[in-house]
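Let's take a friendly look at how charged and nonpolar side chains are arranged in a protein model. Here are the sequence and the structure.

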Amino acid sequence: MKSDIDLFVINKIKEKRKELNVSQRGMAAILDCTAGFIGQVESENSDTKYSVHQLYLIAKDFECSPADFFPPINSDLE
């Protein structure tokens, strides 16, 4: 099961992906994986998550910091 922080990070990435008009196929190309994998990551019903390496690649391609995807340290998420 995905934690609240996992869901926060995934949703932030999804939000940024849509803001930049990057499709799930486009995201798959960035990560050298399948669009189905991206769909699993973005599904709340799947335990699939991005790895730290994948977060780095996403941030690099989106020209932002990996920290932009995480909640503030003082948030109530655990």
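## Salt bridges

A salt bridge is a side-chain nitrogen of Lys or Arg within 4 Å of a carboxyl oxygen of Asp or Glu. This is a predicted model, where local features need pLDDT of at least 70 and side-chain atom pairs count only at pLDDT 80 or more, while totals for chains, interfaces and linings use all residues. Residues are numbered from 1 along each chain as its sequence is written, and side-chain values use heavy atoms, leaving out hydrogens and water.

Searching the whole structure turns up three salt bridges. One joins glutamate 19 to lysine 16, at 3.7 Å from N to O. These two residues sit three residues apart in helix 1, about one helical turn (helices are DSSP runs of H or I, at least four residues, numbered from the N terminus).

## Links between distant parts

Lysine 49 and aspartate 6 form a salt bridge too, at 3.2 Å from N to O. Lysine 49 is in the loop between helix 3 and helix 4 and aspartate 6 is in helix 1, so this pair ties together parts 43 residues apart in sequence.

In another salt bridge, the closest N and O atoms of arginine 17 and glutamate 42 are 2.9 Å apart. Arginine 17 belongs to helix 1 and glutamate 42 to helix 3, so the pair ties together parts 25 residues apart in sequence.

## Buried or exposed?

Arginine 17 and glutamate 42 are both buried. Buried means under 20% relative accessible area, exposed over 50%, and partly exposed in between (1.4 Å probe, protein chains only). Glutamate 19, at 54%, counts as exposed, whereas lysine 49 is partly exposed at 39%.
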